[in-house]
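Work through these exercises with the model open. Try each task before you read its solution.

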Amino acid sequence: MSDSTVVRDEQEAASAGGWRRRHLGRVVLSCLGLSVGPACAAESRTLRVLAWPGYADPDLVHRFEQNLAARVELTIVDTDQALWHHMQPGPGANFDVVAVNTAELQRYIQLNAVQPLQLKSLPGRQRQLARFQALESIPGLVHDGRSYAIPYAWSEMGLIYHPDHFATPPASIAALWDPRLQGRVLAYDGGTHAFSLAAQKLGLPSPFRIPASQWPMLVESLVALRRNVSGFYTLPEESLDLYRRRGAWLMLAN
């Protein structure tokens with residue numbers, strides 16, 4: 001799964017004046033940590049950013065503000081549901097740059113909540129790895145021939161396990177459902193993630209586009225998973241705390 005940054009409202013950015021037109025490329029890449037743009041002489045402006053924990057740390061934001069004589073208004077979310085709420089036509093109109101995973105991006109394109117990027121205005125892309133510059137090769141970034149996001153981070157969601165309780169490392173997410181682990185599992189508190197996880201466990205063709213006919217069996221699967229789960233987390237720090245306090249043996253590492 002790839003996490004990306006998207007521009008919220010390009011038309012509004014253009015109408016705000018030359019600052020946003022000239023530096024939008026640096027904004028997209030700098031404020032979320034992909035690269036640092038050079039300092040520029042510009043009057044103070046506000047960039048409204050919607051991101052996840054760890055994507056826009058205070059030191060990074062501070063350096064960006066100093067370099068561009070700008071102010072960053074940062075809003076943090078910890079679940080895709082929270083992000084979806086902020087991106088609705090009402091409150092969602094309050095952001096210029098958004099961090100979203102590619103599995104969710106198509107929803108925002110259909111909602112007309114994001115605008116295609118002007119790639120020629122993003123010189124910082126040249127400092128990315130070649131595979132991240134090839135946007136067409138990353139599913140979900142391009143729609144109708146237009147690019148809607150720039151890759152920021154790439155990771156696989158795996159399992160964290162306690163070695164004292166596993167003779168061999170768990171080889172599948174199906175281990176989360178192992179009946180021998182009742183009360184020993186930690187899970188991420190995200191509805192969309194939970195259903196995608198269950199879809200993968202059941203071997204459905206697409207974990208992100210689930211037909212209505214398959215929802216009942218996914219619900220049953222999640223009810224079975226709930227019997228194993230001793231706690232749910234959203235923030236990374238919370239997951240570590242629960243792992244220690246609950247004596248967990250296995251955790252989904254979101």
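**Exercise 1. Find the partner of Arg48 in a salt bridge and give the distance between the closest N and O atoms.**

Step 1. Apply the rule: a side-chain nitrogen of Lys or Arg lies within 4 Å of a carboxyl oxygen of Asp or Glu.
Step 2. Arg48 pairs with Asp96, and their closest N and O atoms are 2.5 Å apart.
Step 3. Place both residues in the chain. Arg48 sits in strand S2 (residues 46-51), and Asp96 in the loop between helix H4 (80-86) and strand S4 (97-101). The pair is 48 residues apart and links distant parts of the chain. Helices (H or I, at least four residues) and strands (E, at least two) are DSSP runs, numbered from the N terminus.

This is a predicted model: local features need pLDDT of at least 70, side-chain atom pairs count only at pLDDT 80 or more, and totals for chains, interfaces and linings use all residues. Residues are numbered from 1 along each chain as its sequence is written, and side-chain values use heavy atoms, leaving out hydrogens and water.

**Exercise 2. Is Arg48 buried or exposed? Classify Asp96, Arg71, Glu73 and Arg180 as well.**

Step 1. Take the cut-offs: buried is under 20% relative accessible area, exposed is over 50%, and partly exposed is in between (1.4 Å probe, protein chains only).
Step 2. Arg48 has 14%, so Arg48 is buried. Asp96 has 5%, so Asp96 is buried.
Step 3. Arg71 forms a salt bridge with Glu73, with closest N and O atoms 3.5 Å apart. Arg71 is partly exposed at 41%, and Glu73 is partly exposed at 36%.
Step 4. Asp178 forms a salt bridge with Arg180, at 2.7 Å between the closest N and O atoms. Arg180 is exposed, at 69%.
Step 5. By the salt-bridge rule, the count comes to 5.

**Exercise 3. Check the span of helix H8 (residues 215-226), then name its buried residues.**

Step 1. The expected span is 1.5 Å times one less than the number of residues.
Step 2. H8 has 12 residues, so it should span 16 Å; its end C-alpha atoms are 16 Å apart, which agrees.
Step 3. The buried residues of H8 are Leu218, Ser221, Leu222 and Leu225. They cover an arc of only 95° around the axis, so they lie on the same side of H8. The arc uses the directions from the helix axis to the C-beta atoms.
Step 4. Recall the geometry: an α-helix has 3.6 residues a turn, so residues three or four places apart point the same way.
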